Amino acid sequence: MSRDKRLPIADHVLGMGRNITRRDFVNGVGLSSLGMIFPAWGSGPRTAVDYPPTRTGLRGSHPGSFETAHALAREGMTFSSARDTGEFYDLVVIGGGISGLASVWYYRRLFGADSRILVVENHDDFGGHAKRNEFHHDGVMRLAWGGVFNLEYPAFSPTVNALMTELGVDIDRLLAGLEFNYGRNGRLGPSTWFDAETYGRDVLIPGFAIRNANLAGNAEKVDQMPLDAASRASLKAFYSARENVLENHSSAERARYLRQISYLDFIQEHGGLTPQAASIFLRSTDGYWGVSADALSVAECVGADLPVQHLLGGEPEIVDERINDVAMFPDGNASIARLLVRKMIPAVAPGNSMDDIVTAKFDYSQLDQSESRVRIRLNSTAVAVRQDADRVAVDYVNGGQTLRVNSRHCVLACWHSVIPYLCPALPAEQKEAMKYQVKRPLVLTNVLLRNADAFERLGINGAYCPGRLHQNVWLVHGIEVGDYRHAWNDDGAVVVMFWGMPHSPNRQLPIREQHRAARTRMLSMEFADFEREVRTVLNGMLGSAGFSAAEDILAVTVNRWPHGYAYDYLDLWDPEWPPGEAPHEIARRPFGNIAIANADAGADAYTHVAIDQAWRAVNELRNMPA
């Protein structure tokens, strides 16, 4: 059945306005079983329903986490009346993400376990982008990730491997419990969904996967696409082609050319695709990279599994049904953050292994206790970091008050983009380098459904959505660790994850300006905008299989990251700098007793990069003159 794209879906059909923000856990476990009380450093004692991992609605740069930083950086507000708390630490870390927590770990290793350390974190939970999304329904917990979730273990350095061993992370056992594969495996298969608003009618094509190299199988399905006849014909010819369009080029010329032309331009110029046909590949790298395929070179898209080898003399390969170069926890790399915190603040949760960390309940009241050697102060936004003689003064805002603590050392484990405002005394060259690294926006929205029946009836695990805000939708099944189980044959509640990014309204802007414009667009969107989007998609994709957006959606959690992926250098946009002169290398230079550790400092958006940068930063502190 097709739907006229000019007719909006009524809010009551989508279930907009229904009170779902609490129903996910109130109907499940009793509130007393969550019984966690927040420390007084926040906005006062909180009840169990405020347990951060179970909060739904708008998460990730949530209201209250970014306004102070925006006032500092965007409005030039000053916070000059800080009240000194009288606290002195060996180390203060700004940012409680993976890099910040790893910095604490390494500092204790190099400077002694008795070191007094404070982590200042602007969000209401630790972990940064390693955000745990926890749902409860009918007495069962369902987990999902709200940010970074892959452990790319083949790329681990000896430093990262050593940390994983110390935390008890066993990659082989993680792989043994891993059947999830981004919508491409399990009992069901992948699909592509063309939406009525963009393409004139809703069309679901089971078995068509945009990043799957099964070209013959894709060619058979092209006639189902709601594209014009010329575009369908060009797609069938594209999938059927087996040639080397660069056979007259030398190896060096070929390599250079593939790094100088965008993927979308290449498949139109050499693959014969019409602009409409090529556009279905545009968003295929959005969540994966934070950059669309029109801004990536052909060489970069080869690594992203987009079809192109069949035009370069290679044999197309069907993507293996199992990705074997990543491991993951059911809550993503939030488990890494939780393992670090529990090791350093043992009172926060029981247990001692990677198996029990997944189901452990954390007592957030233990994070900021005066007798603890390591303290994590949530809901606190740093506004000034100054080198004062032999100490570092750190001012932060908490509960409307500006407070000051002092320390021997400081690690800035926050975004490069905010550091010049925190530390205006930094050298001009360093501050300019920090401005170069504009993070890419990213959004991960998790939706708890009553069951996966509609997916079962349609025979799909998820879908690529070329016309929507989130480019991918997946059922989150088949990631089992310890006592946590959610098998493919479980007919209970299930999480569907939406993954993608907003686009800049002007695709002709330089890439960093596109990131800024997309970030502005993301921050202008309210929770209702994201909710309407996912309800519209699920209604259009699954409605023919009996799904009701009004009745079958139990909870929605939006993890928006306007400062998402760290900026890595791209073939089409960035020069090659001499060693030591790239922006991230200049930006991460230590300043007095202040070091810098984050994924920005490694110019790559990976957990192992954040950990390596923490190791580097703490070693710089050790090597500074006393």
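These legends describe close-up views of a predicted model.

**View 1. E87 in strand β2 and its two arginine partners.**
E87 lies in strand β2, which covers residues 83–94. With a relative accessibility of 11%, E87 counts as buried, because buried means under 20%. The side chain of E87 makes polar contacts with two arginine side chains. One is R377, at 2.9 Å. The other is R375, at 3.5 Å.

**View 2. The packing of helix α4 against helix α5.**
Helix α4 is formed by residues 98–111 and helix α5 by residues 158–167. The axes of α4 and α5 are 13 Å apart and meet at an angle of about 90 degrees. α4 is therefore roughly perpendicular to α5, a description that applies to angles of 65 to 115 degrees. On the α4 side, the contact is made by W105, Y106 and R109. On the α5 side, T159, L163, E166 and L167 take part. Of the residues in the contact of α4 with α5, 4 are nonpolar, 1 is polar and 2 are charged.

**View 3. P206 in strand β7 and its contacts.**
P206 belongs to strand β7, made up of residues 203–206. The relative accessible area of P206 is 32%, so P206 is partly exposed. Setting aside neighbours within four places in sequence, P206 is in contact with P190, S191, K221, L458 and I460. Another proline, P424, stands 218 residues from P206 along the chain. The C-alpha atoms of P206 and P424 are separated by 54 Å.

**View 4. C410, a cysteine in no disulfide.**
The structure holds 0 disulfides. For C410, the nearest cysteine sulfur is that of C423, 7.0 Å away. A disulfide requires two cysteine sulfur atoms within 2.5 Å, and C410 is in no such pair. C410 counts as buried, because its relative accessibility is 0%.

**View 5. C465, also in no disulfide.**
Where is the nearest cysteine sulfur to that of C465? It belongs to C301 and is 19 Å away. C465 has a relative accessibility of 1% and therefore counts as buried.

How values were computed
Residues numbered from 1 in each chain as written. Predicted model: local features only at pLDDT ≥ 70, side-chain atom pairs only at ≥ 80, totals over all residues. Heavy atoms only, no water. Helix = DSSP H or I, 4+ residues; strand = E, 2+ residues; numbered from the N terminus. Buried < 20%, exposed > 50% of the residue type's maximum accessible area, 1.4 Å probe, protein only. Polar contact = N/O pair within 3.5 Å; in protein donor to acceptor, adjacent residues only side chain to side chain. Axes fitted to C-alpha atoms, helices over the stretch in contact; angles between N-to-C directions. Parallel < 35°, antiparallel > 145°, perpendicular 65-115°, else oblique. Contact = heavy atoms within 4.5 Å. Nonpolar A, V, L, I, M, F, W, Y, C, P; charged D, E, K, R; others polar.
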